[in-house]
Amino acid sequence: MSSARLKHYGWGREGEGMTTDERQFVLGRYRARFATDTFDTMAVPRLEDLALRTPRVTPPASLAAFCTSERYDRLAHAHGKSYPDYVRAMLGDYDCAPDVVAYPRNEAEISAVMDWAGGVSASLTPFGGGSSVCGGVEPRVDGIRYKAAITLDLRNLSKVVEVDLTSRAALIEGGTYGPALENQLKPHGLSLRHFPQSFEYSTLGGWIATRSGGHFASLYTHIDDFVESLRVVTPRGVVETRRLPGSGAGPSPDRLFIGSEGTLGVISRAWMRLQPRPKFRSGASVRFPSFFDAARAVRAVAQAGLYPSNCRILDPQEAFNTGVADGSVAIMVLGFESGDHAPDARMARALECCADHRGTPEQADASDAHREGAAGIWRNAFIRMPYAREFLTPAGLINDTFETAITWDRFESFHDSVKAATERAILEATGVSGEVTCRFTHIYPDGPAPYFSFHALGRHGALLEQWQAIKNAAGDALIAAGGTITHHHAVGRDHRPWYDRQRPALFAAALRAAKRELDPQGMLNPGVLIDP
Ligand SMILES: Cc1cc2nc3c(=O)[nH]c(=O)nc-3n(C[C@H](O)[C@H](O)[C@H](O)COP(=O)(O)OP(=O)(O)OC[C@H]3O[C@@H](n4cnc5c(N)ncnc54)[C@H](O)[C@@H]3O)c2cc1C
C-alpha cells in the first residue's frame with residue numbers, strides 16, 4: 001500500500017484515481033444518458049485555500065504527543081464519503097471540522113481523551129477509515145451542550161496481537177485497515193475473509209461498529225458472525241466480553257456493541273473468527289432475459305443451501321453501465337470457493353437452478369473464471385468505481401446508492417414501487433429523467449438485499465436539496481414497502497428519520513438507557529443512531 005496521505009477530498013490516497021480511459025468510460029455513460037457533450041464543472045478548492053476556524057480547545061500537555069490541530073488533519077477528518085459529504089467539501093464547507101484530532105496508541109490514551117473531552121464539553125467522534133456513507137464521522141457541535149469537537153482516529157491501533165491456530169481466531173486491534181489485517185494473517189494461512197468494497201480504506205473497528213457486509217453473497221459475510229469477543233473503551237470504563245464459540249447466557253453483550261456506531265464506546269480490539277485462505281474456486285456468469293427471472297434463480301440457489309461466495313445479479317441497465325452486457329439482459333455473477341474441497345458439485349447444482357429460470361451460462365468450471373468475462377469486468381468495475389464520485393460531483397451529477405433487504409414474498413412489488421418512487425423524485429427534483437438500477441449484494445434463504453443506484457443530472461447551487469429530495473422519496477418508499485433503511489451501510493445521521501420509524505419504541509428507550517449508563521455526558525457521536 002502506498003504511504004501517501006489519504007485524500008482530504010476523494011477516495012484513497014493522494015495521487016490515486018481513475019485513469020483517463022476509465023474516466024472517459026464513466027463520463028461517456030453519463031453523456032449518453034443525459035444526451036449532452038459537456039457538464040457544468042466546478043473546481044474543487046485546494047487544501048491550502050480552505051478556510052478553517054481557530055481551534056476552540058487546546059489539548060493539555062499530557063495529551064499533546066498524540067493530538068494535533070494541524071490543518072490537513074482537521075480537514076481530512078471533517079467529512080465521510082457520502083454524496084452530501086462530497087458536495088459540502090466541493091463547496092469548501094468545512095464548518096464541521098474537528099478542533100483537535102487525537103491519534104491514541106493504546107486504551108489508556110483513549111480513556112485520557114475521553115476524560116479531557118468530558119472536562120471541556122466536547123463531542124468525541126471515533127474515526128476508523130472515515131469511509132462512512134451515512135454521516136457517521138462528521139463532528140457535531142451546537143455551542144451549548146458541545147462547545148468543541150474532538151475526533152479520535154484509531155489508525156495507531158493497527159496490530160494483529162495474537163493468533164490462536166487451534167481455535168482459528170485472532171486478536172486484532174480496532175484501527176487495523178483491511179490490507180494490513182490480511183497481510184498480518186497471511187503468514188498463518190488464514191483470512192478474516194471480510195471484503196467490503198471499501199476494504200482498502202476502512203478498519204476492523206469501523207466494520208464492527210457499522211455491522212458491515214463483505215462482498216461474499218451468502219453465509220459468513222457479515223462482520224457480526226466473525227466476532228468472538230470484544231474490548232470496548234467507554235467513558236465509564238472498559239467492557240470486555242468472554243471468548244466463546246457460542247453462549248446462551250442472556251442477551252449477547254457483543255451484540256450491544258456490534259452496530260453501535262461509536263455511540264456507546266470505542267472498540268479497541270476484538271477476537272475474530274478466521275477462515276482458511278481459499279484454494280478451490282469455481283466461477284460463472286449467467287444471462288437472464290429479465291431481472292426477475294434472475295431473482296427467481298437466486299431464490300432457488302439460496303433455498304437449495306448452496307451458499308455461493310458470489311451470487312450478484314445485475315439488472316440490464318446496471319450490467320450495461322458497468323460494461324458487463326449490452327443492456328438487453330440481466331447478468332448473474334456466480335462463484336463458489338473453499339479452502340478444503342472443490343466446489344464443482346455446488347456450481348453444477350446452482351447452474352441447474354439458473355436453467356430452471358431461463359438462465360444461460362456464459363462460462364463455467366474455470367477456476368479463474370471469477371477474474372474473466374462478465375465476472376472479471378464486474379469485479380474490476382466494483383474495485384474502481386469508488387474513485388468516480390470525486391469527478392462526477394464537480395460535474396453536477398448526482399450519483400448515489402441505497403441498500404436494503406426484503407423477504408422474497410414481497411420482493412417484486414417492493415422493487416417496482418421503490419424504483420418508481422425514486423425515478424419520480426429524480427424527475428421532480430431535477431426536471432430531467434434519471435436512472436435507477438438494481439443489483440443484489442447479499443442473499444438469504446428468506447430474501448435478498450437489493451442495492452439500488454441512481455443517477456441524476458443535478459444543478460450546481462441546488463445539489464444538496466435535489467439529492468435530499470430523491471433520498472427522502474427513496475427512504476419513504478423503502479419503509480412504506482416493508483424494507484429496512486439500511487442492510488449494511490449503517491444509520492449514521494443521514495438514515496435517522498427512517499431508522500427512528502422502523503425501530504420499536506421500547507427498544508429505542510432501552511438503547512437510550514444503555515447510552516446513559518455507558519456515556520453519561522452523551523459525548524460520543526451526538527446525533528448518530530440515537531439521541532442521548
Ligand atoms: C466506496 C465505498 C464502498 C463501501 N462498501 C461497503 C461495503 O461493501 N460493505 C459495507 O458494509 N459498507 C461499505 N461502505 C461503507 C463503509 O465503508 C462501512 O460502513 C465501514 O464499515 C466503515 O469503516 P471505517 O473504518 O471507515 O469507519 P468510519 O467510517 O471511520 O466510521 C463508521 C462509524 O463507526 C464508528 N467507528 C469507527 N471506528 C470505531 C471504533 N473502533 N469503535 C467504535 N466506533 C467506531 C464511527 O464513529 C462511525 O460512526 C462503503 C463505503 C464507501 C465509501
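Mentor: A disulfide is a pair of cysteine sulfur atoms within 2.5 Å. The model here is a predicted one. Searching the whole structure gives 0 disulfides.

Trainee: What keeps Cys134 out of any disulfide?

Mentor: The nearest cysteine sulfur belongs to Cys96 and is 15 Å away. A disulfide needs the two sulfur atoms within 2.5 Å, so Cys134 is in no disulfide.

Trainee: How far is the sulfur of Cys354 from the closest cysteine sulfur, and what follows for a bond?

Mentor: The closest one is in Cys353, at 6.8 Å. Set against the limit of 2.5 Å, that is too far for a bond.

Trainee: Why are Cys134 and Cys354 called buried?

Mentor: Buried means under 20% relative accessible area. Cys134 has 2% and Cys354 has 0%, so both count as buried.

Trainee: Where is Met523, and is it buried or exposed?

Mentor: Met523 lies in the segment that follows helix H16 (505-518). Its relative accessibility is 4%, and the cut-off is under 20%, so Met523 is buried.

Trainee: Which residues does Met523 touch?

Mentor: Leaving out residues up to four places away in sequence, Met523 touches Met114, Ala117, Gly118, Ala122, Ser123, Leu124, Tyr146 and Pro235. As for Trp408, 115 residues away along the chain, its C-alpha atom is 41 Å from that of Met523.

Trainee: Ala122, Ser123 and Leu124 are also residues of E3. What makes strand E3 an edge strand?

Mentor: E3 (122-127) belongs to an open sheet of 4 strands. The order is E1-E2-E4-E3, with mixed pairing. E3 and strand E1 (67-68) each pair on one side only, and they are the edge strands.

Trainee: How do you know that E3 and E4 pair?

Mentor: Two strands pair if there are at least two bridges between them. E3 and strand E4 (residues 148-153) have 6, and they run parallel. Two of the partnerships are Ala122 with Ala148 and Pro126 with Leu152. Helix H4 (residues 107-119) lies across E3, E4 and strand E2 (100-102), at about 175° to E4.

Trainee: Why is E3 described as largely enclosed?

Mentor: 6 of the 6 residues of E3 are buried, so the rest of the structure largely encloses the strand. Both faces are covered, with Ala122, Leu124 and Pro126 on one side and Ser123, Thr125 and Phe127 on the other.

Trainee: What makes the same description fit strand E6?

Mentor: In E6 (residues 169-173), 5 of the 5 residues are buried, so it is largely enclosed too. Ala169, Leu171 and Glu173 point one way, and Ala170 and Ile172 point the other way.

Trainee: Which strands pair with E6?

Mentor: Strand E5 (residues 160-164) does so over 4 bridges, in the antiparallel sense; Val163 is the partner of Ala170. Strand E10 (residues 266-273) is joined to E6 by 5 bridges, also antiparallel, and Arg273 is the partner of Ala169. E5 and E6 form a hairpin with 4 residues between them, and Arg168 in the turn has a positive phi of about 55°.

Trainee: Roughly parallel or roughly antiparallel: which applies to helices H3 and H14?

Mentor: The axes of H3 (residues 83-90) and H14 (residues 463-480) come within 10 Å and cross at roughly 175°. Angles over 145 degrees count as roughly antiparallel, so H3 is roughly antiparallel to H14. Tyr83, Pro84, Val87, Arg88 and Met90 of H3 meet Leu463, Leu464 and Trp467 of H14. By class, the contact has 7 nonpolar, no polar and 1 charged residues.

Terms used. Residues numbered from 1 in each chain as written. Predicted model: local features only at pLDDT ≥ 70, side-chain atom pairs only at ≥ 80, totals over all residues. Heavy atoms only, no water. Axes fitted to C-alpha atoms, helices over the stretch in contact; angles between N-to-C directions. Parallel < 35°, antiparallel > 145°, perpendicular 65-115°, else oblique. Contact = heavy atoms within 4.5 Å. Nonpolar A, V, L, I, M, F, W, Y, C, P; charged D, E, K, R; others polar. Buried < 20%, exposed > 50% of the residue type's maximum accessible area, 1.4 Å probe, protein only.
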